[in-house]
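Got the viewer open? Colour by chain, switch to cartoon, and let's walk through it stop by stop.

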Protein chains: 2
Amino acid sequence: MSNAIFNHKSIRKYKPDTISDEILNKILKAASRASTTGNMQVYSIVVTTDPKIKEHLWESHFKQDMVKQAPVVLTFCADFNRFNKWCELNNATPGYDNFLSFYTASIDALLAAQNACIEAEDNGLGICYLGTTTYMAEKIAGILDLPKNVVPVTTVVMGYPDENPGLTDRLPLEAIVHYDKYQDYSDEKIKELYFEKDNSELTKQLLKENNKESLAQVFTDNRYTKKDNVFFSKSLLDFIEKQGFMNNEE
Amino acid sequence: MSNAIFNHKSIRKYKPDTISDEILNKILKAASRASTTGNMQVYSIVVTTDPKIKEHLWESHFKQDMVKQAPVVLTFCADFNRFNKWCELNNATPGYDNFLSFYTASIDALLAAQNACIEAEDNGLGICYLGTTTYMAEKIAGILDLPKNVVPVTTVVMGYPDENPGLTDRLPLEAIVHYDKYQDYSDEKIKELYFEKDNSELTKQLLKENNKESLAQVFTDNRYTKKDNVFFSKSLLDFIEKQGFMNNEE
């Protein structure tokens, strides 16, 4: 049993201690052992420790302090730039300027990211994923000099924890698992599966803070609104196209 | 150090032995501990063991025998169906019918998948990811009764290994890692980074089998062709739209 997996909690406060090269290398090596489509390894990892560059990243990541505080920021990118260059140097014509290739490269990047996180936690480090990467992909690409055919997919901050939160609540396993085929949810079933979440102390606190009548409204009205989602959908799709991944016609 | 991570090899031949409920539950639980955007858990896992349904999946996955052979087939899905239903039952209007939400849910599904794989390998099982999931998303969704707002992202077959392959070769770590910012590759650098891969015994064998002059051509001309990529890009985008994730205007 992997203790790192079962003890995982996102860490949002970090000690100033740096991560040794030895441990960082182990983490990156772990990332590189993840499965990758056809062993193409169509992803890259940008390891940022420079405080100045981290400050620019912090701005893009909605000024979440952990980006400045954590000693290491890893940006995992879908990357066909390296592979395409290799093809062109070998009399091969790459056909990877399309959405499927972007999505394939995203999968590579994300499996590598999760390996890195588990190895980091196995070495006493804390991590947190930043969802802001897809919102601000073009800005982040600018800061990190990402060339065409490279798109940032997710970011992980990493360092020694300066907090010790409890495990995050999860829905009961039966909420996310289906046997043999998908069993769609009745209203009753949804109410049952979300009952604990809807009635937790944390939820009561959130309803008060946000002045809402249900936890779901905290999500739809405050945290993940349609307006933001539509805005960021457009900017992400535009950027994917700009990076050369939307030539979906022969 | 996580041995499961560093010893990972994709397994394509399986013993008929089933996976015990206890171990399978541990694996699913491990999946559920992965980070998820805003703790929304917008993914589902379909666990298929029924031989008849596995046979239909096998057809969709280009008849790769391991789909029939492995006792368990896990289909990881981007899933806003459950979350949207919960919103609607709680006077909240979900705004998750757009590309960003699909991509967010894909990230959730993939981090959970990698956790499941590591936990499986930690318990002596072998795994293999199937890239065919995105090619055949609509077909697979049909077999598994996936409703609107659910898209299959990746598939993992799982069971006790009946082969013991060596570790897969990887590019040197410096090929995929960049410090502080992305350092683009010169032609010389590409040649250097791919030298070992281009000149391995495996490559020599592949060039002979495929009658090609470079390994890159094996990828561009045979394995991952522009024609296929364009075709599957269109069908994947069409299906994402059909499932309700392409309303990117307010």
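Start where the two chains share a sheet: select strand E5 (residues 177-179) of chain A and strand E1 (residues 43-48) of chain B, which run parallel and are joined by three bridges. Strands here are DSSP runs of E with at least two residues, helices are runs of H or I with at least four, and both are numbered from the N terminus. Two strands count as paired if DSSP finds at least two bridges between them. Show Val177(A) as sticks and you'll find Ile45(B) of E1(B) opposite.

A word on what you're looking at: this is a predicted model, in which local features need pLDDT of at least 70 and side-chain atom pairs count only at pLDDT 80 or more, while totals for chains, interfaces and linings use all residues. Residues are numbered from 1 along each chain as its sequence is written, and chains are lettered from A and ligands numbered from 1 in the order in which they are written.

**The sheet**

Next, select the open sheet of five strands, ordered E3(A)-E4(A)-E2(A)-E1(A)-E5(B), with mixed pairing. Which strands stand at the edges? They are strand E3 (126-130) of chain A and strand E5 (177-179) of chain B; each has a single partner strand, so one side of each lacks a neighbour in the sheet. Look along the sheet and you can follow a twist that averages 25° from one strand to the next. Angles like this run from 0 to 180 degrees between N-to-C directions, with axes as lines fitted to C-alpha atoms, for helices over the stretch in contact.

Zoom in on E3(A). Five bridges join E3(A) to strand E4 (residues 150-159) of chain A, and the two run antiparallel. Cys128(A) sits opposite Val157(A), and Tyr129(A) opposite Val156(A). Is E3(A) enclosed or open? Five of its five residues are buried, so E3(A) is largely enclosed by the rest of the structure. (Buried means 20 or more other C-beta atoms within 10 Å of the residue's own, exposed means 12 or fewer, and partly exposed is in between, with C-beta atoms placed from the backbone.) Both faces are covered, with Gly126(A), Cys128(A) and Leu130(A) buried on one side and Ile127(A) and Tyr129(A) on the other.

Now hop to chain B and select strand E3 (residues 126-130), where five of the five residues are buried. E3(B) pairs in the antiparallel sense with strand E4 (residues 150-159) of chain B over five bridges. Pick Leu130(B) and look for its bridge partner in E4(B), Thr155(B).

**The chain-chain contact**

Pull back and select the whole interface: 103 residues from chain A and 102 residues from chain B. Contact here means C-beta atoms, placed from the backbone, within 7 Å. On the chain A side, helix H6 (residues 99-122) gives the largest share, 13 residues. That side divides into 48 nonpolar, 33 polar and 22 charged residues. Nonpolar covers Ala, Val, Leu, Ile, Met, Phe, Trp, Tyr, Cys and Pro; charged covers Asp, Glu, Lys and Arg; the others, Gly among them, are polar.

Select H6(A) along with helix H6 (residues 99-122) of chain B: they pack at about 55°, with axes 9 Å apart. The two are therefore oblique to each other; under 35 degrees would be roughly parallel, over 145 roughly antiparallel, 65 to 115 roughly perpendicular, and the rest is oblique. Residues to show on H6(A) include Ile107(A), Leu110(A) and Gln114(A), and on H6(B) they include Ile107(B), Leu110(B) and Gln114(B). This contact divides into eight nonpolar, four polar and no charged residues.

Then add helix H13 (residues 226-242) of chain A, whose axis comes within 7 Å of that of H6(B), crossing at roughly 80°. H13(A) and H6(B) are therefore roughly perpendicular to each other. Here Asn229(A), Phe232(A), Ser233(A), Leu236(A) and Leu237(A) meet Phe99(B), Leu100(B), Ser101(B) and Tyr103(B). Count six nonpolar, three polar and no charged residues in this contact.

**Last stop**

Finish on helix H12 (residues 215-223) of chain A, whose buried residues include Leu215(A), Val218(A) and Phe219(A). The buried residues of H12(A) pack against helix H10 (187-198) and helix H11 (201-210) of chain A together with helix H5 (81-88) of chain B.

Conventions: Two residues are in contact if their C-beta atoms, placed from the backbone, lie within 7 Å.
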